Every structure is written in C-alpha cells, then in structure tokens.
2 protein chains.
Amino acid sequence: MRLSDSIEQFIKDLLKEESTEVELKRNELAEYFGCAPSQINYVLATRFSPDHGYLTESRRGGGGYIRIVRVVRSGSQRLMYLVNDRIGDSLSEEECLRLVSQLKDQQIVTADEAALMDASVSARALGVPVPDALKDAMRAKMMKSMLMTIAARNRA
Amino acid sequence: MRLSDSIEQFIKDLLKEESTEVELKRNELAEYFGCAPSQINYVLATRFSPDHGYLTESRRGGGGYIRIVRVVRSGSQRLMYLVNDRIGDSLSEEECLRLVSQLKDQQIVTADEAALMDASVSARALGVPVPDALKDAMRAKMMKSMLMTIAARNRA
DNA sequence: CCGTATCTGACTTTCTTTGACCTACAGAGT
DNA sequence: ACTCTGTAGGTCAAAGAAAGTCAGATACGG
C-alpha cells in the first residue's frame, strides 16, 4: 500500500465523519505516518486539489494548521464548469482519465459510466493513424459531448 | 515449452481460481520467471489483448501494478458476438446509432449508457479535420472498446 | 533459408518520497 | 512599537520505484 494512499484515506475518513471540513497539523500527521512533512503537501497537491473538489488553506507559525474543505457543488454546476472552462480544445488521454476519475470520486457519474467514458477515449479506442494533436482535439470534443449528455440526463 | 506460454498459463491459472481479475507486479513476475521485465509486456500484448478478451490497466511509480481483467466467458454472448464478429474495422455514425438503439431495446445497456455511447461517436464529438474513413475506423474501435467494458461489468 | 515469434537491454515516463532550505506568524523581551 | 526567536507550514529539486517502449538479437516452424 502506498503511503500517499494511506494518508489520502485517513483524511477522507476524517471528512466522512461529520462536516465537509477538517483541520489538521502538518507535522503531527507526518509524525503519525512516519514520513517527511512535505509528503503531506504532496498528498494535498495530488489528491485534494480544486480539480478533485477540495479547497485548502493554511497558516504558518505558532498554532499553524491546514484546513481542507470539500467543495459541494451540484453535479450539473460541476459539469458545466468542465465543459465551458476546464476543457479547452485539446485533452490528452491522461487528462481525460484523471477527469473521469474525479467525477467518479465526486459521485457525479457512476462507476459504470466512468468506465464507459474511459473506454471511449482510450488509446486503444483511438488507435488509428492520426496525429496525436488531432486525437487530443477529438478527446476534448468527445468529453464535452458526453458530459453534456450526462448534464441533460441529470436535470430529470 | 516457451517462456511466453508458461507466463500465459501462470496468469490464466491465477484467473481461474475464482474472480475474473488479478493484480500483479511486473518486476516480481519477471523475477519469478527469471526474465526481462519487458517480457511480461510482450505476453500481455500477444495473449491478453482486448482481442483475446482481456482488459489491462496499470500504474507506474512506487507501488505500481498491472491488473488484468478477463472479459471472455463472463460477458454476455451477444456483446462478445458484436465485438468479435459483427463489428468489423469500420462503422458509420448511422450504423453506430442503430446498433446502440438495438442494444437499448434488448435491455443489454441502460438508456443512460446508450446516450453516452451515442454522444461519444456522434459527428459533433468527432468534428475534427480527419477523413471520414478514419473516423469510421475509430468508431468501430470505440464501440468495441465500450462494449468490452460493458461486457466486463455484466458478469451475467 | 525465410518469415514470424520470442526475448533482451537500454532508455523513457510516471508517480512517490525525502531533505535542504525558505517564509510566515506569534509571543516574549526590550 | 520593535526586534528576536521559536514554531510551523511551503517549495523545489533530486533520489527512488515501477511500468512502458522499441530496436535489435535470437530461435523456430515450414
């Protein structure tokens, strides 16, 4: 088991019990997991970024802290943000997978839908002789098309 | 006995003992068989490809892994027929839509899934300057990829 | 002997973990 | 108020850990 995963899980468990917000001490947490304090920052950066649906704030010095807030946006708000702002004209396979995985985490799409989306934008699915740049352009369009479909469905 | 065949058998034995899914470490497996790690990739490519009825995913870096999912023998007959025989190398948008609609009628996929599939293969989604022939080739691959994914889930 | 299948090794890419150094804040002492 | 000092978090680059890729060597069936 990866350390990062353990820390991620620990924080998510904290967030699950009560409230959308948790406050913690970087050094204590690092101590608890027996790792470098900066490891905590790594976990925050890779698993609790705004893209993942979290905001973090912190304070240094005596009595310092890190606060993690789970952003509660409605599914369609989130989808519209992705379609209109986040996704541009081009999206790599990795970016697609990350996005889909985040939507799944946030329970905006089901695991089955996520799998379907992954399948459609995978390299395997697009394995024809076309320049990567064009494939990435297609991925962006495909993602938008699918997300709008889901948004439409969700209004019901 | 070929090394590749031994590795293939080993993995298939793992898959035979319950569960349609197995996770392994590339380096450990290579160590066990006393071969180059890339040999594992060769086996995956030549014996566990989607054409053979398997899906694979992996992760690099510390704590990395390779996961193999068996689809054949678990997916619905109908889906595998489509993937293996019915869908060739090329599929027009109209053909896609017709196919998806049939699957929905036959309740093999849900309405939501059907909508997603439609969205991904639509002209809107693939609207980049690429010859139609190539788009149709992509559609065929995308459909196969998505159907495999559904088959993997439908362990029925 | 030829074409295909198998194997290897060098190099690449991705993800994780650590450590050294930097910056911000609070409170004590002047 | 002003500085000094200890506490706490931030940054970044480098090391480490796995898996991926691909060209070329080797082996094998016909």
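How many nonpolar, polar and charged residues does the surface near DNA strand C have? By class, there are eight nonpolar, 14 polar and six charged residues. Here Ala, Val, Leu, Ile, Met, Phe, Trp, Tyr, Cys and Pro count as nonpolar, Asp, Glu, Lys and Arg as charged, and the others, Gly among them, as polar.

This is a predicted model, in which local features need pLDDT of at least 70, side-chain atom pairs count only at pLDDT 80 or more, and totals for chains, interfaces and linings use all residues. Residues are numbered from 1 along each chain as its sequence is written, while chains are lettered from A and ligands numbered from 1 in the order in which they are written.

Let us stay with the DNA for a moment. Of the 28 residues around strand C, Ser38(A), Gly61(A), Leu3(B), Ser38(B) and Gly61(B) come nearest; a residue is near if its C-beta atom, placed from the backbone, lies within 6 Å. Four helices (DSSP runs of H or I, at least four residues) each supply at least two residues of this surface:

| Helix | Chain | Residues |
|---|---|---|
| α1 | chain A | 3-16 |
| α3 | chain A | 37-47 |
| α1 | chain B | 3-16 |
| α3 | chain B | 37-47 |

Chain B also holds an open, antiparallel sheet of three strands in the order β1-β3-β2. Strands are DSSP runs of E, at least two residues, and two of them pair if DSSP finds at least two bridges between them. At the edges are β1 (21-24) and β2 (54-59) of chain B, each pairing on one side only. β2(B) and β3(B) (residues 65-70) pair over six bridges, with Glu57(B) opposite Arg67(B).
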